[in-house]
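Trainee: I'm new to this one and would like a close look at a single part, the sheet and whatever sits around it. Could you walk me through it?

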Amino acid sequence: MAGIARVLKPGGVAVIETPYLRRLVEQLEFDTIYHEHLFYHSLTALSGVFERNGLTVVDVEMLPVHGGSLRVFAMRTGAGQAGAAVRSLLAEESAIGLCSAAYYAAFAGRVAALGVELKATLADLKAQGHTIAAYGAAAKGAVLLNAFGIGTDTIEFVADRSPHKQGFLMPGVHIPIVDPDQLVARHPEECLLLAWNFADEILAQQAQYRNSGGKFIIPGPKLTLV
């Protein structure tokens, strides 16, 4: 941020985009947090960082990217003032207690509750004699499986379209990764959608599996069976 302040012209505007912390919490995107995703900011936090480096946030836009992102516009302090969008969003963050420890404790509680519900659902399906697979050998999928302790005793395989992943194992839980055609060939009764942020796209791709009676379990932001 100090570097941005140093190179910015007196009347220039710096524009940055960053994943939005509030959307991550609201949509229960805990499985988006992993090594290559290093930060999630609120506008309150960003404003403070800008101000400490001689900059002022003058505008902000909400974007759907990565489950919810902010596009923030800043100028040198004194060159511009916070616009209505900035003032409104800062007030919203304050009103929901985004800067309080309780806000994040509640998030942790919701994640834990989802884990209990998901594992209970999977256990019930297994008790009925169902075979369960998963779809999407993505990093977020590895986070979810490891966070909730879901492994080969529950999931038969993980289907993924990338040939670079097929033939390998999911990190930590060692579930084999296979070609998506195995969904139709082996036809598990249910498939846990690990890449649930692309639910619409994947459900459309796997129409043949669904039309033949297969169902997807979408874990977030609310557990659903479709």
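Mentor: Start with I16, whose bridge partner in strand 3 is V72. Keep in mind that this is a predicted model. That pair belongs to a longer run of pairing: strand 1 and strand 3, residues 69–76, are joined by six bridges and run antiparallel. As a bit of background, the strands of a sheet pair through backbone hydrogen bonds, and they can do so parallel or antiparallel.

Now step back to the whole sheet. Three strands make it up, in the order 1-3-2, and the sheet is open, with antiparallel pairing. Strand 1 (14–19) and strand 2 (55–63) are the edge strands, each pairing on one side only. On average, neighbouring strands here are turned by 25° against each other, if you ignore direction.

Next comes the helix on top of that. Helix 4, residues 84–95, packs on the sheet and touches strand 2 and strand 3. Its direction makes about 75° with that of strand 2.

Helix 4 also holds a residue worth a pause, E93. This glutamate is buried, yet it has no salt bridge. The nearest side chain of opposite charge is R22, and that one is 6.0 Å away. A salt bridge would need the side-chain nitrogen within 4 Å of a carboxyl oxygen, so R22 doesn't make one with E93. What does E93 touch, then, leaving out residues up to four places away in sequence? Its contacts are Y20, S42, L43, T44 and L98.

Y20 turns up again when you look at the nonpolar cores. The largest of these has 48 residues, and L118, L144, L145, M170, L183, L192 and F216 have the most contacts inside it. Helix 5, residues 101–127, gives the largest share of that core, seven residues. A second, separate core of 15 residues includes Y20, along with L8, A14 and L55. So look at Y20 from both sides: it is in that second core, and it is among the residues touched by E93.

For a sense of the big core, pick L192. Not counting residues up to four places away in sequence, L192 touches, among others, L118, L144 and L145, which are also on the list of residues with the most contacts in the core.

To place all this in the whole chain, picture nine helices and nine strands. The C-alpha atoms fill a box of roughly 65 × 35 × 30 Å along the principal axes. Of the 226 residues, 44% are buried.

Methods: Residues are numbered from 1 along each chain as its sequence is written. This is a predicted model: local features need pLDDT of at least 70, side-chain atom pairs count only at pLDDT 80 or more; totals for chains, interfaces and linings use all residues. Side-chain values use heavy atoms; hydrogens and water are left out. Two strands pair if DSSP finds at least two bridges between them. Helices (H or I, at least four residues) and strands (E, at least two) are DSSP runs, numbered from the N terminus. Axes are lines fitted to C-alpha atoms, for helices over the stretch in contact, and angles run from 0 to 180 degrees between N-to-C directions. Contact means heavy atoms within 4.5 Å. A nonpolar core is a set of buried Ala, Val, Leu, Ile, Met, Phe, Trp, Tyr and Cys residues joined through side-chain atoms within 4.5 Å. Buried means under 20% relative accessible area, exposed over 50%, partly exposed in between (1.4 Å probe, protein chains only). Lys and Arg count as positive and Asp and Glu as negative; His and the chain ends are not counted.
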